[in-house]
Amino acid sequence: EAQASRTALTHSLVQVTMRPVGAAIVDKPPASKRVPHTMTVGELKRLCQTLFKQVPLDRIRLQLADPSLPFGVPLDDEARELGFYGVG
């Protein structure tokens, strides 16, 4: 039973890579994390803030970089889950 729960959790995780582009953090390396596709944009912003401490939470802006699109998709609704934006 516990093994089944662990397996289900593992399959629900998605790999996200956060690439800093702001002037204060542009020299920081990208950070990759496995997160649930049900994580909200607001939760991901808080994760980014803990990783890139120089940027206040209210200044963090997230964009989905999809190679099939010519531009990034802003993740601007903090209540939406990542899956809403096609992450996962």
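Analyst: In what follows, a residue counts as buried under 20% relative accessible area, as exposed over 50%, and as partly exposed in between. The structure discussed here is a predicted model.

User: Which pattern does the protein follow, read along the sequence?
Analyst: The protein has two helices and four strands. Among its contacts with a separation of 6 or more, 40% join residues that are 24 or more positions apart. Taken in sequence order, the helices and strands give the pattern α-β-β-α-β-β.

User: Which residues of the largest nonpolar core touch the most other members?
Analyst: Of the 88 residues in the protein, 25% are buried, and the largest nonpolar core has 18 residues. Strand 1 (13-18), strand 2 and helix 2 are the elements that give two or more residues to this core. Leucine 44, for instance, touches Val16, Met18, Met39, Leu62 and Leu82, when residues up to four places away in sequence are not counted. The residues that touch the most other core members are Val16, Met18, Leu44, Leu62 and Leu82.

User: Against which element do the buried residues of helix 2 pack?
Analyst: Helix 2 has Val41, Gly42, Leu44, Lys45 and Cys48 as its buried residues. Viewed down the helix axis, these residues fall within an arc of 160 degrees, so they line one face of helix 2. The element that the buried residues of helix 2 pack against is strand 1.

User: Is lysine 45 buried or exposed?
Analyst: Lysine 45 has its place in helix 2, and, with residues up to four places away in sequence not counted, it touches Leu57, Ile60, Arg61, Leu62 and Glu78. Its relative accessible area is 8%, and because the limit for this class is under 20%, lysine 45 is buried.

User: How many residues apart in sequence are the parts tied together by lysine 45 and glutamate 78?
Analyst: Lysine 45 and glutamate 78 form a salt bridge in which the closest N and O atoms are 2.8 Å apart. Because lysine 45 lies in helix 2 and glutamate 78 in the segment after strand 4 (73-74), the pair ties together parts whose separation in sequence is 33 residues.

User: How is the accessibility of glutamate 78 classed: buried, exposed or partly exposed?
Analyst: The relative accessible area of glutamate 78 is 42%. Because buried means under 20% and exposed means over 50%, the class of glutamate 78 is partly exposed.

User: Which residue does arginine 80 meet in a salt bridge?
Analyst: Two salt bridges are found in a search of the whole structure. Arginine 80 is partly exposed, with a relative accessible area of 36%, and its partner is also partly exposed, at 31%. The N to O distance is 3.6 Å, and the side chain that arginine 80 meets is that of aspartate 77.

User: Over the face of which residue does arginine 80 lie?
Analyst: The ring centre in question is 3.8 Å from arginine 80. The ring belongs to a residue that is partly exposed, with a relative accessible area of 49%. That residue is phenylalanine 84.

User: What is the angle between the planes of phenylalanine 84 and tyrosine 85?
Analyst: A search of the whole structure finds one aromatic pair. The pair is formed by phenylalanine 84 and tyrosine 85, is edge-to-face, and has a centre to centre distance of 5.2 Å. Phenylalanine 84 is partly exposed, whereas tyrosine 85 is buried, with a relative accessible area of 16%. The angle between the planes is 90 degrees.

User: Where is threonine 40 placed?
Analyst: Threonine 40 counts as buried, its relative accessibility being 18%. Leaving aside neighbours within four places in sequence, its contacts are Glu78, Ala79, Arg80 and Glu81. Its place is the loop between strand 2 (31-36) and helix 2 (41-51).

User: How far apart in space, C-alpha to C-alpha, are glutamate 81 and methionine 39?
Analyst: Glutamate 81 is found in the segment after strand 4 and is partly exposed, with a relative accessible area of 38%. With neighbours within four places in sequence left aside, glutamate 81 is in contact with His37, Thr38, Met39 and Thr40. Although glutamate 81 and methionine 39 are 42 residues apart in sequence, the C-alpha to C-alpha distance between them is 5.3 Å.

Terms used. Residues numbered from 1 in each chain as written. Predicted model: local features only at pLDDT ≥ 70, side-chain atom pairs only at ≥ 80, totals over all residues. Heavy atoms only, no water. Buried < 20%, exposed > 50% of the residue type's maximum accessible area, 1.4 Å probe, protein only. Contact = heavy atoms within 4.5 Å. Core = buried A, V, L, I, M, F, W, Y, C linked by side-chain atoms within 4.5 Å. Salt bridge = Lys/Arg side-chain N within 4 Å of Asp/Glu carboxyl O. Phe/Tyr/Trp six-rings, centres within 6.5 Å; stacked < 30°, edge-to-face > 60°. Lys NZ or Arg CZ within 6 Å of the ring centre and 35° of its normal. Arc of directions from axis to C-beta.
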